[in-house]
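Visitor: Could you walk me through this one? I'd like to start with the charged pairs and then move on to the rest.

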Amino acid sequence: MAAEDYPHEIDEQLTGFDSSVTSVKTILEQLMSMPRNDLLQKLDPLDQAKLDLMSAYTLNSLFWMYLVTQGINPREHGIKQELERIRTYMNRVKEITEKKKAARLDKGAAARFVRSALYDPDDKDSKKKAASTSSETPPSKRSKQK
């Protein structure tokens with residue numbers, strides 16, 4: 001297409017659109033190169049949900065763009081509600097993923113950390129001395145035995 005066919009002001013937007021379409025095409029070619037059943041068998045259920053949501057969102061976004069090219073306002077079309085519905089499911093999957101990644105408390109390890117943090121070497125020595133003196137005879141009895 002010659003540069004004279006369209007206004008120069010939209011050149012950057014068209015270039016960005018072209019690169020976006022090219023990247024979408026590349027990703028779709030990668031997804032389409034493998035049979036869907038084989039792809040789903042390799043994924044765990046959470047990743048399967050992510051793939052399905054990504055596919056649905058991509059197709060609906062492409063339809064959104066198609067409506068724009070046809071002069072139809074997509075904000076007044078049912079596609080907007082569909083994209084919002086998919087977005088809510090995507091947020092649910094994101095929450096589940098974040099819960100999986102969240103740190104879990106190991107009560108035994110926490111108790112060991114606290115015990116170790118409260119450890120005082122002087123206190124240990126005084127406990128040993130107290131234990132050894134209590135097992136011996138009291139000093140008053142010793143003096144009587146001598």
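Visitor: How many salt bridges does a search of the whole structure find?

Guide: The search of the whole structure, which is a predicted model, finds two salt bridges.

Visitor: Which side chains meet at 2.2 Å, N to O?

Guide: Those of R36 and D52, which form a salt bridge at 2.2 Å from N to O. This pair links distant parts of the chain, since R36 belongs to helix α2 and D52 to helix α3, with their positions 16 residues apart in sequence.

Visitor: And why does R36 count as partly exposed?

Guide: Its relative accessible area is 40%, and the partly exposed class runs between the buried limit of under 20% and the exposed limit of over 50%. D52 falls in the partly exposed class too, with a relative accessibility of 35%.

Visitor: What does E82 form a salt bridge with?

Guide: The partner of E82 is R85, and the closest N and O atoms of the two are 2.6 Å apart. Both residues lie in helix α4, where the three residues of separation correspond to about one turn of the helix. E82 is partly exposed at a relative accessible area of 27%, and R85 is partly exposed at 40%.

Visitor: Let's stay with α4 for a moment. What should its 23 residues span?

Guide: At 1.5 Å a residue the 23 residues of α4 should span 33 Å, and the end C-alpha atoms are indeed 33 Å apart, so the expected and modelled spans agree.

Visitor: Which residues are buried in α4, and what do they pack against?

Guide: The buried residues of α4 are I79, L83, I86, V93 and T97, and the buried residues of this helix pack against α3.

Visitor: Take T97, then. What is it in contact with, leaving aside its neighbours within four places in sequence?

Guide: With those neighbours set aside, T97 is in contact with L46 and K50. T97 itself lies in helix α4 and has a relative accessible area of 15%, which is why it counts as buried, the limit for that class being under 20%.

Visitor: Is there a record annotation that touches this part of the chain, and where does UniProt place the "coiled-coil region"?

Guide: UniProt, in an unreviewed entry, places a feature called "coiled-coil region" at residues 79–106. In the model, that span is 82% helix and 0% strand, and its end C-alpha atoms lie 47 Å apart.

Visitor: Switching to α3: how far apart are its end C-alpha atoms?

Guide: They are 36 Å apart, which agrees with the 36 Å that the 25 residues of helix α3, residues 45–69, should span at 1.5 Å a residue. Just after α3, G71 takes a positive phi of about 85 degrees.

Visitor: What do the buried residues of α3 pack against?

Guide: They pack against α1 (11–32), α2 (36–41) and α4 (79–101), and the buried residues in question are L46, L51, L53, S55, N60 and L67.

Visitor: L59 is in α3 as well. Buried or exposed?

Guide: L59 is exposed, because its relative accessible area is 58%. The C-alpha atoms of L59 and L83, which are 24 residues apart along the chain, are separated by 9.8 Å.

Visitor: Which residues make the nonpolar surface patch?

Guide: F17, V21, L28, M32, L59, L62 and M65 make a nonpolar surface patch of about 640 Å². The elements that give two or more residues to this patch are α1 and α3, and α1 gives the most, with four residues. M65, placed in helix α3, is partly exposed at 33% relative accessibility.

Visitor: Last topic, the overall picture. How many helices and strands are there in the protein chain?

Guide: The protein chain has seven helices and zero strands, and read along the sequence its pattern is α-α-α-α-α-α-α. Of its 146 residues, 10% are buried. The accessible surface of the chain comes to about 12500 Å², with 57% of that belonging to carbon and sulfur atoms.

Visitor: And what share of the contacts joins residues at least 24 apart?

Guide: Among contacts between residues at least 6 apart in sequence, 42% join residues at least 24 apart.

Note on methods: Residues numbered from 1 in each chain as written. Predicted model: local features only at pLDDT ≥ 70, side-chain atom pairs only at ≥ 80, totals over all residues. Heavy atoms only, no water. Expected span 1.5 Å × (residues − 1). Buried < 20%, exposed > 50% of the residue type's maximum accessible area, 1.4 Å probe, protein only. Contact = heavy atoms within 4.5 Å. Patch = residues over 30% accessible without salt bridge, like charges linked within 9 Å, V, L, I, M, F, W, Y side chains within 5 Å. Areas by Shrake-Rupley, 256 points an atom, 1.4 Å probe, with all protein chains shown as cover. Salt bridge = Lys/Arg side-chain N within 4 Å of Asp/Glu carboxyl O. UniProt positions renumbered as here; feature names shortened; annotations may be inferred.
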